[in-house]
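I opened this entry to record what I looked up in the structure, going from the aromatic residues to the core, the helices and then the loops.

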Amino acid sequence: MDADVAKARAWATIDHIESELVEISHAIHARPELCYEEYFAAHTLSSALQRHGIEVEAPAFELATAFAGRCGNAGPHVIICCEYDALPGIGHGCGHNII
């Protein structure tokens with residue numbers, strides 16, 4: 001698949017599930033979890049990927065709250081790295097729930 005076609009397809013998918021993404025962001029924001037304790041966030045995000053047909057490995061990378069989602073078998077490859085931990089006493093003041 002051509003990179004421009006893949007990019008357009010990704011944007012179309014994001015636009016299609018925009019309300020779900022905002023709902024997920026709000027749910028994670030409402031339940032701040034500190035570093036390496038982000039069980040709700042990891043489960044919420046990985047479950048959403050699975051609902052959309054993406055194979056998820058969880059836990060991953062020897063971290064209980066890490067996961068990897070993979071689909072397809074050819075490039076170009078898109079990698080999204082995100083963190084979803086909160087700050088002690090502040091919560092998601094840094095916006096990790098939006099990533």
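I count a residue as buried when its relative accessible area is under 20%, as exposed when that area is over 50%, and as partly exposed in between. The model I am reading is a predicted one.

**Entry 1: the aromatic pair**

With that cut-off in hand, I looked up F67 and found it buried, and Y84 is buried too. I then searched for aromatic pairs and found that the structure holds one. The partners are F67 and Y84, whose rings are stacked, with 6.2 Å from centre to centre and 20° between the planes. F67 lies in the loop between β1 and β2 (68–70), while Y84 lies in the segment after β2, so the pair ties together parts that are 17 residues apart in sequence.

**Entry 2: the chain as a whole**

I stepped back to the overall layout, which has three helices and two strands, arranged along the sequence in the pattern α-α-α-β-β. The C-alpha trace spans about 45 × 30 × 20 Å along its principal axes. Of the 99 residues in the chain, 27% count as buried. The chain exposes about 7300 Å², and carbon and sulfur atoms supply 58% of that area. I also noted that, among contacts between residues at least 6 apart in sequence, 42% join residues at least 24 apart.

**Entry 3: the nonpolar core**

Which residues make up the largest nonpolar core? I listed eight, namely I24, I28, A41, A42, A48, V56, F67 and Y84, so both rings of the aromatic pair from my opening entry belong to residues of this core. The elements that give two or more residues to the core are α2 (18–30) and α3 (39–51), and α3 gives the most, with three residues.

**Entry 4: helix α3**

Since α3 gives the most to the core, I checked its geometry. At 1.5 Å a residue, the 13 residues of α3 should span 18 Å, and the end C-alpha atoms are 18 Å apart, which agrees. The buried residues of α3 are A41, A42, T44, S46, S47 and A48, and these pack against α2 and β1 (55–57). For A48 I looked up the contacts beyond its neighbours within four places in sequence, and they are E20 and I24. Just after α3, G53 takes a positive phi of about 85°.

I also noted a charge over a ring: the charged end of R31 sits over the ring of F40, 4.2 Å from the ring centre.

**Entry 5: single residues in α1 and α2**

Is S25 buried or exposed? S25 is found in helix α2, and with a relative accessible area of 11% this serine is buried. Leaving out residues up to four places away in sequence, S25 touches N97 and I98.

A10, in helix α1 (residues 3–16), is partly exposed, with a relative accessible area of 36%. I compared its position with that of V78: the two are 68 residues apart in sequence, and their C-alpha atoms are 9.5 Å apart in space.

**Entry 6: backbone angles in the loops**

Most residues other than glycine have a negative phi, and most peptide bonds are trans. With that in mind I went through the exceptions in the loops.

Y36 lies in the loop between α2 and α3, and its phi is near 65°, a positive value in a residue other than glycine. At 51% relative accessibility Y36 counts as exposed, because the cut-off for that class is over 50%.

E62 is found in the loop between β1 and β2 and has a positive phi of about 60°, although this residue is not a glycine. Its relative accessibility is 85%, so E62 counts as exposed.

Where does P59 lie? I placed P59 in the loop between β1 and β2, and the peptide bond that leads from A58 to P59 is cis, with omega near -5°. My last note on this loop is that F67, the ring that stacks on Y84, lies in the loop between β1 and β2 as well.

Technical notes: Residues numbered from 1 in each chain as written. Predicted model: local features only at pLDDT ≥ 70, side-chain atom pairs only at ≥ 80, totals over all residues. Heavy atoms only, no water. Helix = DSSP H or I, 4+ residues; strand = E, 2+ residues; numbered from the N terminus. Buried < 20%, exposed > 50% of the residue type's maximum accessible area, 1.4 Å probe, protein only. Core = buried A, V, L, I, M, F, W, Y, C linked by side-chain atoms within 4.5 Å. Contact = heavy atoms within 4.5 Å. Expected span 1.5 Å × (residues − 1). Phe/Tyr/Trp six-rings, centres within 6.5 Å; stacked < 30°, edge-to-face > 60°. Lys NZ or Arg CZ within 6 Å of the ring centre and 35° of its normal. Areas by Shrake-Rupley, 256 points an atom, 1.4 Å probe, with all protein chains shown as cover.
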